[in-house]
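Open the model in a viewer and keep a selection box ready. The stops below go from ring pairs to enclosed and open space, and end at a strand.

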Amino acid sequence: MTRLSAADFDQELLILFDAYVHGDIDRRAFLDRAKKFAVGGMTAAGLLAALTPNFAAGQVVPANDTRIKTETVSVPSPLGYGTIKAYVAKPVAPPAGGRLPSVLVVHENRGLNPHIEDIARRLAVDGYLAFAPDALTPLGGYPGDEDKARALFAQLDQAKTRQDFLASAAALKARPDSNGRVGVVGFCYGGGIAHMLATEIPDLAAAVPYYGNQPPAEAAARVKAPLLIHFAAVDERINAAWPTYESALKAAGVRYTAHQYPGTQHGFNNDTTPRFDAAAAKLSWDRTMAFFKQQLMV
């Protein structure tokens, strides 16, 4: 079966779907407004289903891949929700000394779904200790359904959740199988968390936000880590604030590189949805891995 791409959908519908995914409108509003795009036997509900992630189609590294080993751990978070669970993936054959460059993987606004677990496994195959927390831990964890996950996510106290991610970064750095150099990669909501961690952790070794909200401009002066920032071209919701934050990064002397990928939609790296752009995803991921190799493998 041929996979659909963003080109198969009207741009107005894609913007509408983005608003739905990020909680600006509810399911009923999406379906009502999507009716005008339902042609050729396709219903509004069918359009929503077509745009919804297909995790099996996007899987790259199976959970039982023999090159890696995985586990789920609990991290104490006394300033957050008390405990946060994380999915850990690492190579079966570690380097001499057994200490690995380490990457915190931060999910989108649906918690630790199968796609983000797959991202962690991809990093493990490439020689990293990958650590993917689930912000939905205090609400029972990722529920196995994207709509339910999105609804649960809206219930989180974000101040506590930010503390959970700070605790996760500290726990990753302290692991005996970590080389002590921690980077972070995050997508959408997770891109915003990657930016936040760069303002809060002075010894963070690298941060890679994918199309994430930027912190307030005054926070840029606290960034010590080098940044590699990826933007979609058709993503006004995220891109509008970038010039102000970029000016603040420049004023603070922060080392950063930013790339915008022509013709791409928000979420272009997520290969489980039609917004996926294979060429841009490959280029951005190649850049990410080269950046992590430079910053973390020392």
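Is F268 buried or exposed? F268 counts as buried, at 0% relative accessibility; buried means under 20% relative accessible area, exposed over 50%, and partly exposed in between, with a 1.4 Å probe and protein chains only.

Before the next selection, some conventions. This is a predicted model, in which local features need pLDDT of at least 70 and side-chain atom pairs count only at pLDDT 80 or more, while totals for chains, interfaces and linings use all residues. Residues are numbered from 1 along each chain as its sequence is written, and side-chain values use heavy atoms, with hydrogens and water left out.

**Stop 1: aromatic pairs**

Keep F268 selected and add Y261, which is buried with a relative accessible area of 4%. The ring centres of Y261 and F268 are 5.1 Å apart and the planes stand at 50 degrees, so the pair is tilted. Rings of Phe, Tyr and Trp (its six-membered ring) pair if their centres lie within 6.5 Å; planes under 30 degrees apart count as stacked, over 60 as edge-to-face and the rest as tilted. Extend the selection to F187, Y210 and Y211, which form one aromatic cluster with Y261 and F268. The structure holds 13 aromatic pairs.

Another of these is Y20 with F30, a tilted pair at 5.6 Å centre to centre and 35 degrees between the planes. Y20 belongs to helix α1 (residues 11–21) and F30 to helix α2 (residues 27–34), so the pair ties together parts that are ten residues apart in sequence. Helices (H or I, at least four residues) and strands (E, at least two) are DSSP runs, numbered from the N terminus. Both rings belong to buried residues: Y20 has a relative accessible area of 5%, and F30 has 0%.

Now show R150, which lies over the face of Y20 at 4.8 Å from the ring centre. The criterion is NZ of Lys or CZ of Arg within 6 Å of the ring centre and within 35 degrees of the ring normal.

**Stop 2: the cavity**

R150 also lines the largest cavity, together with F17, V21, L51, P53, R110, E146, T273 and R275. On a 1 Å grid over the protein atoms alone, a cavity is a set of points where a 1.4 Å probe fits but cannot get out; a pocket is an open set with protein on both sides within 12 Å along at least five of seven lines, and lining residues have an atom within 4 Å of a point. The structure holds one cavity of 30 Å³ or more, and about 40 Å³ of space lies in the largest cavity. Grid points are joined across faces, edges and corners, and a volume is the space filled by probe spheres set on the points. Helices α1 and α6 (146–153) each give two or more residues to this lining.

**Stop 3: the largest pocket**

Select R162, Y189, G192, I193 and N213, which lie nearest the centre of the largest pocket among its 22 lining residues. Its volume is about 350 Å³. Six lining residues, the largest share, come from α8.

**Stop 4: L228**

Finish at L228, in strand β7 (residues 227–234). L228 is buried, with a relative accessible area of 4%. Beyond its neighbours within four places in sequence, L228 contacts residues including A207, T257, H259 and F291, where contact means heavy atoms within 4.5 Å.
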